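Visitor: I have a structure open in front of me, and I would like to learn how to read its features one at a time. Could you take me through it slowly?

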Amino acid sequence: MLPIWIATVAWGLGSILWAELVRDLYHAFAHVWQPLYRLHVWHHRVFRPNLTPASEEIYQQAHWRNDVPEALVMLGFGLLWWLGAYLFLPSYHWVAGIGCLYTLCFLGSAIARGSGIPGADRLTDLTHQPGPFATPPSRWFVNRPYHWRHHFDNQNAYFCGTFTFIDKLMGTALSLKGKTVAVTGASGTLGRSLLLHLHEAGAKVIALTSGNEAVALTLESETLEINTVTWQIGQENELAALFEKVDILILNHGMNVNGDRTPEAIANSYQVNAFSSWRLMELFFTTVRTNQDIARKEVWVNTSEAESNPAFSPLYELTKRTLGDLVTLRRLDAPCIVRKLILGPFKSNLNPIGVMSADWVAKQIVKQAKADNRNIIVTINPLTFITFPIKELLNSVYFKLFSRLGTKVSQPSETNQSLP
Ligand SMILES: [Zn+2]
Ligand SMILES: [Zn+2]
């Protein structure tokens, strides 16, 4: 038997989670069941892309047709939860009433907004406030940029109202449909597989490659020519105009000099694996300016499992660790979502003895991105699931405590200059 206090807390907290679960499922259901959609669509008619209401009348009507019935359904299911508590925990059943109280607050505020009570919208309608977005879509709680995407990116995704959990579970926490996605290293094995799975998820894909040949994908019975753009290491700035139109940039290029440790191998490895990716990421950040950019744009960086585990290729490991650390440092203040791809050994030209297939890895990457995983781990090595999160947490705390954004660039001091 559970100690009584644990059961009491569980029924109490559970009643709030239950209310949110009912709300999110009601919302998702409203998008598939026409009779309900006819009521819900009023909520979608209200807002302009800058989140100001189209008219006061539609704003009020939307609350009577959508928010009030939604809160009533939540209340009905909340009473069922209470009944459950009454049967299983009779002496403390009242605690399950917290969810009903919580829902009554929403019902009250929806009625207030529907009645046009001054200030009710500003005080209670938090995810629809106009004004510049201060942060990218958040990970666990629905903020304004998160919910904005439900209105103006894809109405068949981003259903959650408070916690993002249900979207994560349903794979609707990121929609790739219609997004322009550019992938570096596109002529490589993983690059091609990524292009294919992103294309299948409805994205408009662009191949970025240092090769001269246009990238083509073989679909079931046809060949699909991909919009291919050639770029060179060191000339990242030439992609600035292209990046304005790109929603998601996937930095996936890399090289492996294996056992080579010549000065040239060191220089090349750092340029290709670490610094060119970092420069492209910084260049992409400069294109994030409007609310729409903050809500929609993303960078995904393939830092590889070598970021936290031995790669048996010292320079590959060193340079991928550098890249991983730079991403951890910069994403503390990144203007848009930045994801890391922590990938184990897959079969490719760089690694002919890899065990996973690039196709399977690409499929998992897209699946985890749709669940809004910010650190996408795809590997057969169970250690990575322990070592990577610990390393990432410690590094980001260290970087947060000992670095700042906006400090003056320090001049090299004599001590620095005397270093070898
Ligand atoms: Zn909304
Ligand atoms: Zn909706």
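Guide: Let us begin with one pair of helices, keeping in mind that this is a predicted model: the crossing of H8 and H13 is right-handed.

Visitor: How are two packed helices described in general?

Guide: Two packed helices are described by the angle between their axes together with the distance between those axes. Here the axes of helix H8 (residues 189–200) and helix H13 (residues 358–370) come within 8 Å and cross at roughly 50°. Angles from 65 to 115 degrees count as roughly perpendicular and those under 35 degrees as roughly parallel, and H8 and H13 are therefore oblique to each other.

Visitor: Which residues in H8 and H13 meet?

Guide: On the H8 side they include Leu190, Leu194 and His197, and on the H13 side they include Ala358, Val361 and Ile365.

Visitor: What is the phi of Leu51, and where does Leu51 lie?

Guide: Leu51 is not a glycine, and yet its phi is positive, at about 70°. Leu51 belongs to the loop between helix H2 (34–46) and helix H3 (56–88). To judge burial we count C-beta atoms, and a residue is buried if 20 or more others lie within 10 Å of its own; Leu51 has 20 such neighbours within 10 Å, so it is buried.

Visitor: And is Ser304 buried or exposed?

Guide: Ser304 counts as buried, because it has 27 C-beta neighbours inside 10 Å. Ser304, although not a glycine, also has a positive phi of about 70°, and its place is in the loop between strand S7 (298–302) and helix H12 (314–330).

Visitor: What does UniProt list for residues 71–88?

Guide: An unreviewed UniProt entry lists residues 71–88 as a "transmembrane region". In the model, that stretch is 100% helix and 0% strand, with its end C-alpha atoms 25 Å apart.

Visitor: Stepping back, how is the chain divided, and how many helices and strands are there?

Guide: The chain is divided into domain 1 (4–130) and domain 2 (180–402), and 40 Å separate the centres of these two domains when taken over C-alpha atoms. There are 15 helices and 9 strands in the chain, and its C-alpha trace spans about 70 × 55 × 50 Å along the principal axes.

Visitor: What share of the residues is buried?

Guide: Of the 420 residues in the chain, 36% are buried. As for contacts with a separation of 6 or more, residues 24 or more positions apart account for 61% of them.

Key
Residues are numbered from 1 along each chain as its sequence is written. Chains are lettered from A and ligands numbered from 1 in the order in which they are written. This is a predicted model: local features need pLDDT of at least 70, side-chain atom pairs count only at pLDDT 80 or more; totals for chains, interfaces and linings use all residues. UniProt positions are given in the numbering used here, feature names are shortened, and annotations may be inferred rather than shown by experiment. Helices (H or I, at least four residues) and strands (E, at least two) are DSSP runs, numbered from the N terminus. Domain bounds come from an automatic or database domain assignment. A residue is buried if 20 or more other C-beta atoms lie within 10 Å of its own, exposed if 12 or fewer, and partly exposed in between; C-beta atoms are placed from the backbone. Two residues are in contact if their C-beta atoms, placed from the backbone, lie within 7 Å. Axes are lines fitted to C-alpha atoms, for helices over the stretch in contact, and angles run from 0 to 180 degrees between N-to-C directions. Angles under 35 degrees count as roughly parallel, over 145 as roughly antiparallel, 65 to 115 as roughly perpendicular and the rest as oblique. A crossing is left-handed if the near helix is turned anticlockwise from the far one by less than a right angle, and right-handed if clockwise.
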